[in-house]
Each structure stands twice: as structure tokens, then as C-alpha cells.
Amino acid sequence: MKLAKIIVITAFLLCLGSNRASALFAQSGAKPKIASIKIEGNIKSDPELIVIATGLSVDQEFNLDDIQKAMENLWQMNVFKDIQVFGEQTENGIAVVFEVKEYPRLENLEINGTDEIEEKDVRSKFGLFNGQTVSPQHIKKATERVRQLYASEGYRNVEIDVKSYNSETDTGKVLLKIEIEENDKVKIRGITFHGNKAFSNGKLEGAFDDTKAKRGFWKWFKSGDFDEKKYNEDLKKLLMFYKKRGFRDIQIMKDSVYYAQNNKDLHIDIWVEEGVKYHIGNISFTGNTLFSGDELTAALGFERGDVYDQEKYDRNMQERVNALYYDRGYIYAQLVPIERPSNKDTLNLEFVVTEGNQVDIERVEIRDNTKTKEKVIRRETVAYPGEKFSRDALIRTQRNLMVLNYFETVIPDVQPVSQDKVNVIITVKEKPTDTANLSIGYSAQDGLIGSAGVAFNNFLGNGQVVNLNLQLGGAGYKVFSIGFQEPYLFDTRTSFGASMYYSIDGNRRAQYVGYKSQSYGGSVNFGRRLKWPDDFFTASWSVAYGNSKLKPLSTSQVSDYIAYGHTQSVTLSQVINRDSRDAAEFPKTGSVFTLTSDIGFFSIDTVGYLNSLRVLPKNFFKNTFRAQNYMPLFWNFVFYTDFTMGYVRTFRSTSSVEDIPQFDRFYMGGGALDIGSIQMRGYGGRKVGGQAVTESGISYPIGGTSMVKYSAEIRLPVIPNPTMFILGFAEAGNVFQSLKTTDPFQVKRSIGYGFRLFMPLVGVIGLDVAYGLDRKDKSRNFPKLHFQLGQQF
């Protein structure tokens, strides 16, 4: 291009000389003026825009530098493949003519050979669109962008061929055809470390998460793909691997990534300088008055002689040592570490503490609550204006709001106001809480089950719960229920709730449970959020009334364990609950402990009903304890355990299963859709435990007076919003007819896997594939599928 400019400028001088202007620039030192500017040879480009791009104007005095600058400006447009400039002397000055030849414009772009990467991604990366000027520079840069796209996905041997064809309809346009030969992915065949003495090559390669060599027996389990961005992240993990094990001064001196001769295999060499493996020496603090040196050392979590662990050190400084000060309101406290090597392998830790001022909360501000009323959020907030700032209170506030399950995110922040004042800003992001469900399922007990209902879990933004539900199953099975719950009655820590139901059990259900029934009832409950033993506790008390009529399916199907007749019952219940989960849908930490105690008063009128019972049900008391725990594991896995046990008996000294009303016995087996039965996946509804057989050969579940159930799950989140996780589980449990026969090790077992998806306006969608290991008949429904559809009431 430089040679072209020299030739054109020389031609401009010769042109001036041939028109009697050879001495023009030498006359009295005066500069010539531009009389006119003309553009020739342009087809698509606007001549006025070209003139503007030159930087020249009519009546402007100019010299050769101005002409050269104008030429450079036009070349930078990257629109022209040739530019020439001529000048002609006129009465008013020099008439300047720019003769240009344009690059063609793109009429169409055709891409072939994209198998591993979508064509739209290749087209987007190519970056050329119809009507755009196409120059060799454009094509070269676009090709390189596509090559880099493929390289980022591991296709470093991709071949890209771009061909240009003249348009048949427009002489100023071209068609580009791109042929891509992706070839095989480049695979890492070897990773070699140099200078490592403390750890083997295999151990160091194990520190990488994504960069793995595809070789040996394990090649079948490793992809061997190379991603430069992930490789750089893995180098950081390599450094932390060393620093966690005492090698504080570890350095990566250099690394080399290169191809084998076949241009398909990739090899990586990494040179490290390990340095000394350090142990903790003396730990001291100066400037501390709020906490003693022993308290701060205990929070740091290191003792003399421990191996230096950079990751543990950084984590404990932030989460434990600094947290001590933040919980007291000293948010400006600074602990400056001074690490002093002593001897060859000992590191003394000295901390200079500047505690600063204790700060108060001036204002608590709630932001972005579009539905939930501010008072609902504030009553869950434990950080108050006028109080000393506490980090622990801020974390607890976030937890309280997340457990409500009204918000997708809750982000607390601190905004300094002065040296001793801060504002607390709580920003929430609302999510749909109300559900309208139409669900269908199947269980052996109830047949085809349908459910329709609505649940307002944050009614009008007041935090109240209102639900209506209708369930239909089998032949003549119907349940209607309505409920209301106010968590803060009159804006106090007292809750109030009420519910009513009406149900009919038809013939199909009677074949499984031993009776046809028609019942109705309701309950009223009060609760209180407690402050002792801690404020995770709640207590509630309820009164429930039930009225039902039970009949056998036929005269030949009368069970010895069921009392047929018109029954009425009043049940007094107390529930003590401690819930410290960190979230509602997918908890990672925390626990839920629940102790439920019931006292039931029961009456029955058997006149006109067929019975074969030796005794009739009596008044009873019932206790159930459940413990659920959540524990984070490696990566994002969560370990969940669930233990339940229960016992029910009459007030008499001796008690049998026949003495207990059938509605209040323990039944086990089935999934979430098996009503009235404790979930035990892998088995049919109420199929775990004793079964009674009538004269006609029909078997019914007897139920039990005691039960025990163990469950463990490994959960892995898949999607954060809406929440979805997959799980693998193992369960064991049984029901027993008396306390004497209770054996916590005589249980039925099952294993399986499944998923849960929490959908807005729908509720929970779930499926479990369960293998009942102790089922007698494994020829049918093995494994057994358990569905969970819609909001569960």
C-alpha cells in the first residue's frame, strides 16, 4: 500500500507539471487552493461521504502532506481496493480527482460442514452480513475468528476454505462459500511435570478439574479435551493444591503446550519450583482488646506444628476471625498478617489488629418487594435500627426470608453512613408462590388419582396461606379440603389456622383398606414462635373433630381389625418443631426436628353395622418423632437423612392394634400420592407391615401401633431457577402390631433414584424409580415408579 501511495502522489505531481503548474508550490511559498473535489469510479459508496472521509474541502490551501493524509483516510475505510488521485490547474485553484475502485459487497454467505458447532454460532463469529464490503482483510480476520471458535472447543485441526464467486445479478456483489472440515478433536495425551519432588505426576494431574490426559486404562473415563480457559483455571488450582499442603512459595516457572507430529495429540509440560513445606510456628496478636489472643487463635484454627494450609487460613480469617468482630459491630476492624519465616520450615504468624469503632444500624431498607408487603419482610428481620450491627443477625435475616419461599434471592448489604453508623439494605427478588394444579397419578391403593386445586401461599402479599383442593381416585373416592393459615395473628408471634374436609371412600379403595367410608371434619390450631431454647423453635396446639361412617365392602369381606360403624372423634395435638434449614426448596444445611403428640377421644355406634371385632377402639395417645438433616458434601452434592419413629396406644395397661382406631394406626408403603400412608418407595400403598385376609381371600393392611423409618438421599442440583435436583436414595422401614414385636432392624429395604422440579404455578413435579429389595413378588412393577405431580397439601 505504501508503494501505491508513492506512485499515486508522484503521478499527482507529474499531472500538475503537465498542466503548466510545475512551479506552483514554489511561487512565493504560497500553497495552492482546492477548486473542487470529484470522486470517480465509485458504485455503492456515497461520493459525499468519501469526500468527507478525505478530510479535504473546497477553498482549502493544501500541500502534499494533506494529499497523503487524505489517501490514508480512504484506505482506512477498508472499502477500496485501489485509490488514485489526480489534479488539474484551473482559474480558481486545483481540481482534485479521486479515482477509486471498490471491493465487492456480500450478496450471500453459505456455510457447509458444521457438525460439532451449530451453524448459527459459526455465522455469528464470521461476522459478515449481506451488503457489507468484503475485502481480503475482512475474510482473513473472519476466518481466524472461526478458527479460534473451533479451537476453544478442542477442534484445533479445523480446515476452513473460503471461496468467492461473482454475483450473477449484480456486478458489484460476490457470494462467499465456506467449506469447513472439522476433523477430530485434539486430545491431551500427556501431562508432564518437572521439578516436582513432593508429589508424583499423577497426584498433580489429579489437582486439575478439567485438564486430563487421555491415556492408560482411565482413558475411557476421561475426555482429554483441551480448553485454554479451563487450563488456566486448573493452573490456579495446582498452585492452591501445593499451598494447602504447606508449600506457600510454590511457583509455576513456565509451561508449554505443543502438538505431536501427527498434529492431533497434545502434550503439556509444566515446570514448578516447590519451595519449602512450612509448618505453623508462633501465633501472636497485637492491638486486640475485645478478644484475647487465645480466642483469636482458636478462631484461626491452627496450632503450633500444623502444616500451613493457605485455603484453610484464608477461609478461617474471613469466616471466623473477622466474623468475631463483625458480629460485635466492628465492621471496620482490620487484622494485618505478617508472616515471618523462622528456621527452614517454620512460619510465625503475627497479626496487627486495628479494631476501629463499633457501629450502630441507622436504617433498615427493604428493596424490590413487588408483591410481599414490607411488614411481612420486616417481621422476619432480626437486624433493627438503633441496635449494634451484627453479621450473624444479617445472615439469620437472609435465612429467615429464604425459608419463607417467597423469594428467588435475598441479598443483604451494608452501606456505611459515618464512622459509627451503617444502613442495612435488603434486596429481594420475588418469585411466583401461588399454585394452581391439575395433577394425575396412579397408585395400587387408589387407582387413577386426579387432583385439582389452588394454593395461595402468600395471599395478597400478607404471608397468609389459603388453599382449596379436590382429589378424585378410583371408583367413588373423593376428597375436598379447604384451609387457611395466618402466621402472625394481629402482627404477633402467634399463628392461627383452620381447615375443613369432606371425603368419600368408594368400592375400589375398600378393596385395599377394608372399608367404605364417608367422613367429614375440621381443625383449629394456634402456634407460637419461641425464643427458648433458641428462636428456631415453634410450638403449636390444635383441636380436630372427625365424623365418619364405615361399612365393609360386602358381608363376605369383613375384617377382624376394622370397626364398622358411625364414629366420632376429638383429637388434641401438640407439635414442637425446630427448623434451621437455610432454604425451603433445596436446603444445603440445617435440620428439622418434629415431635408430635396426640390424645384422641373416640366413640362408636355399631348398631346396624356388621362387625367381627372382639373389642372396639378406645381412647388413645400417640407420639411421633421425625429428624431431618441436610449436610453439604463435595462439589454441590447434599446428603439428606430422614428418621421417623412413632408409637400409639390406649390408656389401659394392655393395648393391641385392634384397640386403636384404624385412622390413627401407622401404615407404610408407596409414594407421595398414597394417601394416609408413610412414604416407603419401592412398595405399594400400605403394603409394608401386616396384612389381614378375609373369608373371601381379600387382604387388607392391618396397620401398626409402632413404626420406624430410615431414609438417606444424595441430592445434586441441576437448575437453580426453577429449582431442579436429581437424587439417589436408600430407605428402610416397617410397622409393628405391638411394642413387644417392635424390632428396629427388622425392616423392609429399597433403593432407587429420581428427580424433583419446582415449577411456578404448578408446584412439585417428581418421579422416583424404586427397587423394593424385600418384595416377595418382583415379577410385576419392578422397579416401581412413584410420581409426584402438583402442589401437595
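## Exercises on strands, helices and two buried side chains

Strands β11 and β12 (residues 346-354) run antiparallel and are joined by 9 bridges. Strands (E, at least two residues) and helices (H or I, at least four) are DSSP runs, numbered from the N terminus. Two strands pair if DSSP finds at least two bridges between them.

The model is predicted: local features need pLDDT of at least 70, side-chain atom pairs count only at pLDDT 80 or more, and totals for chains, interfaces and linings use all residues. Residues are numbered from 1 along each chain as its sequence is written, and side-chain values use heavy atoms, with hydrogens and water left out.

**Exercise 1.** Place β11 and β12 in their sheet, then find which helices pack there.

*Solution.*
- Step 1. Take one bridge: Gln 334 stands opposite Thr 354 in β12.
- Step 2. Write the order. The open sheet has 3 strands, β10-β12-β11, with mixed pairing.
- Step 3. Mark the edges. β10 (279-286) and β11 (334-342) each pair on one side only.
- Step 4. Add the twist, which averages 20° from one strand to the next. Angles run from 0 to 180 degrees between N-to-C directions; axes are lines fitted to C-alpha atoms, for helices over the stretch in contact.
- Step 5. Add the helices. α8 lies across β10 and β12, at about 135° to β10. α9 touches β11 and β12, and its direction makes about 140° with that of β11. Contact means heavy atoms within 4.5 Å.

**Exercise 2.** Describe how α8 meets α9, and classify the crossing.

*Solution.*
- Step 1. Fit the axes. Those of α8 (residues 293-300) and α9 (residues 310-327) come within 8 Å and cross at roughly 140°.
- Step 2. Classify. That angle makes α8 oblique to α9. Angles under 35 degrees count as roughly parallel, over 145 as roughly antiparallel, 65 to 115 as roughly perpendicular, and the rest as oblique.
- Step 3. List the contacts. α8 supplies Glu 295, Leu 296, Ala 298, Ala 299 and Leu 300. Their partners in α9 are Tyr 313, Asn 316, Met 317, Arg 320, Val 321, Leu 324 and Tyr 325.
- Step 4. Sort by type. The contact holds 9 nonpolar, 1 polar and 2 charged residues. Here Ala, Val, Leu, Ile, Met, Phe, Trp, Tyr, Cys and Pro count as nonpolar, Asp, Glu, Lys and Arg as charged, and the others, Gly among them, as polar.

**Exercise 3.** Work out the sheet that contains β13, β14 and β15.

*Solution.*
- Step 1. Order the strands. This open sheet of 3 strands reads β13-β15-β14, with mixed pairing.
- Step 2. Find the edges. They are β13 (360-367) and β14 (407-418), each pairing on one side only.
- Step 3. Give the turn between neighbours: 20° on average, direction ignored.
- Step 4. Check one pair. β13 and β15 (residues 421-430) run parallel, with 7 bridges. Ile 361 has Val 422 in β15 as its bridge partner.
- Step 5. Add α11 (residues 391-403). This helix lies across β14 and β15, at about 155° to β14.

**Exercise 4.** Trace the pairing from β20 through β21 to β22.

*Solution.*
- Step 1. β20 (residues 494-505) and β21 (residues 516-529) run antiparallel, joined by 12 bridges. Ala 498 is partnered by Val 524 in β21.
- Step 2. β21 pairs with β22 (residues 537-551) in the antiparallel sense over 14 bridges. Ser 523 has Ala 544 in β22 as its partner.

**Exercise 5.** Is His 786 buried or exposed, and what does its side chain reach?

*Solution.*
- Step 1. Locate His 786 in strand β33 (residues 784-790).
- Step 2. Read its relative accessible area, 7%: His 786 is buried. Buried means under 20%, exposed over 50%, partly exposed in between (1.4 Å probe, protein chains only).
- Step 3. Find the polar atoms. The His 786 side chain reaches the backbone nitrogen of Gly 671 at 3.4 Å. The backbone nitrogen of Gly 682 lies 2.9 Å from a polar atom of that side chain.
- Step 4. Look at other neighbours. Not counting residues up to four places away in sequence, His 786 touches a set including Arg 681, Tyr 683, Leu 767 and Asp 768.

**Exercise 6.** Repeat the analysis for Asn 577.

*Solution.*
- Step 1. Asn 577 is in β23 (residues 565-579). Its relative accessibility is 16%, so Asn 577 counts as buried.
- Step 2. The side chains of Asn 577 and Thr 594 make a polar contact of 2.8 Å. Such a contact is a pair of N or O atoms within 3.5 Å; within protein, one must be able to donate a hydrogen and the other to accept it, and residues adjacent in sequence count only if both atoms are side-chain atoms.
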